[in-house]
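Let's take a walk through this assembly, chain by chain and then into the place where two of its chains meet. Keep the picture open as you read.

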Amino acid sequence: MIEIALKALFILIYATFIGFMFMGMIRIVTARIHRRVGPPIYQPILDTIKLLSKKSNITHGLIYDFGVIYALGATILAIMFIPLGNIGVLRAYGDLVLITFLLEIPMLGIMFAAMSSGNPYAGIGAQRALLTMLAIQVPLGFAIVALAEYYGTFSTYEIVMAQQSMGWSITALPLLFAAIAYDLVLQAMFGKEPFDIMIAPGEISLGPMVEFGGKHMGILQIQHAIALFGETLFFSNIFLGGAAITIFGSSILNTIATLVVLLIKQTAVLLVATFMGAIFPRFTIDQATRFYWKWPTIIAALGAILATL
Amino acid sequence: MNELAIIVFAPLLAGALAWLIEVKGIREIIGVIGAVLPLGLTALLYQKTSEGLNFAVNVGSFNLTFGLNHLNWFFVAIGTLVGFSAILAMVSTAKNSYEWLFALMSLSGVLGVFLASDLMTFFIFWEIMTFASFMMVLHYNRAASLKYFLLSVFGAYAMLIALGIIYAKLGTFDFGAIQQAMYQEAYATAFGGETIMSKSESALIYILFLIAFGVKAGMFPLHVWAPDAYSETNQSYTALFSGVLSKAGVYGFVLLYVLMGTRLAIEFGAFRSATKFGYVIAFLGGLTIIVGGLLAALQEDIRKLFAYSSISQLGYILVGIGVGTALSIQAALFHALSHALFKGLFFLIVATIVYRTGKTTFADMGGLAEKMPLTFAMAFVAILSLAGIPPLVGFASKWVLFEAVISQNLPILGGMVFFGSAIGFVYLIRFVYAVWFGQRPTDLDETKDAPLPMAIAMAILALFNVILGIAPGLVAKELNKIFGKEVIGGDLFILDLGFGKYNALAVTIYLVVGIIIAGIIYFLGAKVRKVPVTDTYQSANPVTMEYNLTIRRNFFLPLKETLAFWLRISFDRLYRTIGTWVEDLAEVMRTYIYNGNTQSYAWYLVILLLILALWGV
Amino acid sequence: MTLEKEENVVRQILEKAPYAEGKVRRARRIEFHIPAERIREFLTLLKESNFETMMQITAVDWIKDGEIELVYQMWSYTHAVHAFVKTRIPREVEKAKVPSVKDIYPVAETYERDAHEFYKVYFEGNEKLEMPWILEDEDREAGVCHRKDFDMLSYVKRKYKILDRFEEDKEDYVI
Amino acid sequence: MVDWRLYEPLINFARKRSMWIVAFCTGCGGIEMPPLATSRYDFERFGIMPNPAPRMADLFLITGYVTPKTLKRIIITYEMQPDPKYVLAHGSCPLNGGVYWDGYNAIKHLDKYLPIDVAIAGCMPRPEAVMDGIQKMMELIETGKADGWKRYKENYEYYKKNQDELFGEGWREKTARRWIPWLMDKKKEVREE
């Protein structure tokens, strides 16, 4: 019991810290691509402290507060199910479909909060975010189907273990297709260009986020950090082979090595998304929908059908 | 006198009494009693399900026979529970005793359908149910009721023909006998012996049953009656209509499997790991999910939105039934239960909104969350449940369904169900935004919360949504009993399918823990100040309540533009065109052939005689 | 360089409109003077003779002549010629009226609002003249306009409570 | 809730190093922002980030002259920002009207209507000057001298009086209702079509 609680606490703190580092990394990399110096890597932590220490906050009612809290809570729930090397609290129950749903729930909370503010920009942003989610759902679904049918199991942990023996998923052709589609989906999950129409900063002033300020925004920053960690971790688990290192004698060393390997893989996933985001302009929502319903869907469906043969 | 008889006929009697005693107050009491009795008896009969229970009434030439087993106990439990809540809510919304009569009649009709143990009884109660619901719709809207009536009659005739063929071939209506005969048929086909029914005949029966049950279940492309019929009636009755009556179609499909599943499977072979005839059902179900969902997202009327969403949810059940493994059928039954729970709840919520505001379009709504907090809490539960958010019953059933479908290596169906779950989010958020949040029109400022009966009814359903969500093992146990073997493993809180596990309790605990952590962070910050809706950032322009700050009309316009091409196709219009063609044809016949001229009739007679003569009779 | 293209345009238009007097100023610039009451038919004529665009309606306040001059600036893509149509109306607010041309050139509606707000010219037939334009309501009520007889400086001092540290008469400093 | 005075240095450091700007270019100086934001003088080094929504922003840059029309919006935006919030007036027009000293539509003394923490003179100040002003603002924040938001709360009557003298009583409602009759007409036309 105590051990599980400690593990959960460790996962939470580790995920938050690494997530913030990832956010800083995104900003630095983008700055370097712009030929700028960029902020220090701990910048997001400073932002969060600043936001949480605001002296006055506003609310638009109970749902406005609860939605934000619910978003963070659901994100914390989600990372508990994703196997983190050999420290997993609930990894036995880490089911593909469950995790896919859990990674979408936080957005529902944010949407609830944003809409309850009654700001028109928030309404437009929520509409765009939902349509983007609808668009990414098709390739995402096919990618998950391809995985499940290729490995014949839904348990993420078993998939990771299988990859230890038979190599990374992306070395198999059907799952390579699935991985490509899922990576395009990740772009929209991170809310980066070219699919950031939902929070188009200049036009609808951050869309759903327009009314969040002070501690609400701070909580959402933490949520974003953890979600970033969770999504990259999920991707590197199911497609990039995860990590379960058992070469060292002591379990501590194994754990550390596993975390390091995972960290490298996650960083790779993140950098790909960042590069794409830094060089692309923005799609309008119907362009994004058409795009997702065309190429990624075809690729992912191809993968799924190949996986069943 | 037998419990089954009470379960079946109590609502009917209560309805008749309530209709005769035209006294406000008494008729409500009688009606509610008529709905409580079946519920209580169903709960009492729970122990007796294992040994089974039979009952027969002799009506002239044939018997109405009822039987109880695990399968139809499950359906009767759904029917009585949701039916009771709906009837309870009708205490507030029912206008006259007419509605009481037909609502209760349709309840007893659907219970009779569930409990029937021979095809004749099944058909009779099917017709009672259809007739009663038709009268309920007719009371509100003539055109919608006619559309519903036409399609139901179409389905009914299809079923009647199928019954006729079966009786002509096998000489019995009894389920058990038919099942036996069909098994023999199946083995005869398998081992090349000669069979009573030819391949074409069994195919015909299958198609006829598909039409009959598809109409009632609102299967694409026979769904066109559902949106109008569901929306154009007393909304608390719609909870029963959409929650239970549509399950009669589902029950019919299950019955199809029970009666002639093996026969059809062997006759038509298999597609991948699913049987061919089942795959047809499953694929139509998948189309139903997508079409219903997309149309639901584009509606401008609350009642229509939920009508379409109910169609879309029934698509899941059809997919589960169609895939046809024990697991997937269990998933379908599970989803039938959860669909009845959350969709019944939804229609009660809509009933409350309509009852309190008198408005039905999104354009007139907004900001009701402050005025109707209890109803909003219920709506919150229902929304999370329909959108499939753990830990609620909607997720458990949907999860089992996903795994059942995907584990059968059916990728296209897998993609369809995934898409359906996303679109669930979409139209629900549209409902949430337009009705509960945003700026409130000034004429809604005096809106009051739900009246007591509706509040109780909603609370019952919401409670079941949560309990069965946290403890899905309860349902899984019943479903295993139906199949007599351990299909869904695990204990009270854990569903274990072998290739996937779902632990509802852990989800609940960790969600609560996470929310507590987030709450601590929240309460460490400075305290908040409430601001009005006009104090939002709109490019720093000062606004007043005269402006409309909420997007209520055409919320998903981009989606509409993206789908513009597909939206041009409408089966409703297609059927109307066919109807006009038929009318024209009748016109032609009347003018040229049956023109009432004796001479021409004489000529027909002569021609007929000639033909017979040539035939050599 | 020769100006025959412009001269042809001017000649053709003057044939049809004898009441106007027109001349060529330089390459691609021609100019007409017409009485204010004929403005509608003259602009109709211009539209028929391929002056597709109205680019601007400007007003000049000739305070010594007691007149306000409206300059309709038209552009023709076919001839690539820019035409000034000048007309003069009396300066008094109640007499400064001219028929609206927004049914001939729809864009004129906006320019007429502009000229009305800053020069108090009333365009008969344009019902959107009073629609909020550039001035805030308090300025409108104070009668701010760009007519030369409006004492802007004292209004500014009054409005912003500036200490009186400037010369009263405007000749001493240059804007 | 909790006594945060222990963490005050850390919090001040965070406030100093992450100033989010309201991206609301109020005047001609808006064009000085791109050089600041891009690779010449990259102000994201100091954690400064242009931010479209005022609810989560700290620093309000008043860039250049301020017309009454804009001042109304500026005041509304400023009151939306959560405390602590800082104002950096930029260019000489907010100080004394600058070249528009006799223009009927340029505010002469901005600090009569809003508390200003740092003012940069010049028409227009070069980006270097703006960077200098931002540095100054950082010092003030760290030493806790940037207390414009406190002053605005304490002397609210004074600022309110000046604003009402300029715009007239109840100017918010008046400005909000200004367009309504015309908008309603427009809507009717749309319905008819």
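Before anything else, a word on what "touching" means here: two residues are in contact if their C-beta atoms, placed from the backbone, lie within 7 Å. With that in mind, look at chain B and chain C: they do not touch, and their nearest C-alpha atoms are 14 Å apart. Chain A and chain C have no contact either, with their closest C-alpha atoms 24 Å apart. Do remember, as you go, that this is a predicted model.

So where is the action? There are 4 pairs of chains in contact, and it is chains A and B that share the most contacts. That makes chain B a good place to start. Its secondary structure adds up to 23 helices and 7 strands. Measured out along its principal axes, its C-alpha trace spans about 100 × 60 × 55 Å. A compact globule of 617 residues would have a radius of gyration near 25 Å, and chain B, at 26 Å, agrees with that.

Now turn to the side of chain B that faces its partner. Here 62 residues of chain B are in contact with 70 residues of chain A. Several elements of chain B each supply at least two residues to this side, among them helix H15 (393-406), helix H19 (504-524) and strand E7 (528-530). The top contributor is H16(B), which gives 12 residues. Sort this side of chain B by class and you get 41 nonpolar, 15 polar and 6 charged residues.

Since H16(B) gives the most, let's zoom in on it. Helix H16 (residues 411-436) of chain B packs with helix H5 (residues 105-116) of chain A at an angle of about 20 degrees, and their axes are 10 Å apart. Angles under 35 degrees count as roughly parallel, so that is what H5(A) and H16(B) are to each other. The crossing in which H5(A) passes H16(B) is right-handed. Which residues make the contact? From H5(A) come A:Leu108, A:Met111, A:Phe112 and A:Met115, and from H16(B) come B:Phe425, B:Ile429, B:Val432 and B:Tyr433. By class, this contact has 8 nonpolar residues, no polar ones and no charged ones.

Strands link the two chains as well. Strand E1 (residues 57-59) of chain A is joined to E7(B) by 3 bridges, and the two strands run parallel. If you want one spot to find on screen, try A:Thr59, which stands opposite B:Lys530 in E7(B).

Note on methods:
Residues numbered from 1 in each chain as written. Chains lettered and ligands numbered in written order. Predicted model: local features only at pLDDT ≥ 70, side-chain atom pairs only at ≥ 80, totals over all residues. Axes fitted to C-alpha atoms, helices over the stretch in contact; angles between N-to-C directions. Helix = DSSP H or I, 4+ residues; strand = E, 2+ residues; numbered from the N terminus. Parallel < 35°, antiparallel > 145°, perpendicular 65-115°, else oblique. Left-handed = near helix turned anticlockwise from the far one by under 90°. Nonpolar A, V, L, I, M, F, W, Y, C, P; charged D, E, K, R; others polar. Pairing = 2+ DSSP bridges. Rg over C-alpha atoms; globule rule 2.2 N^0.38 Å.
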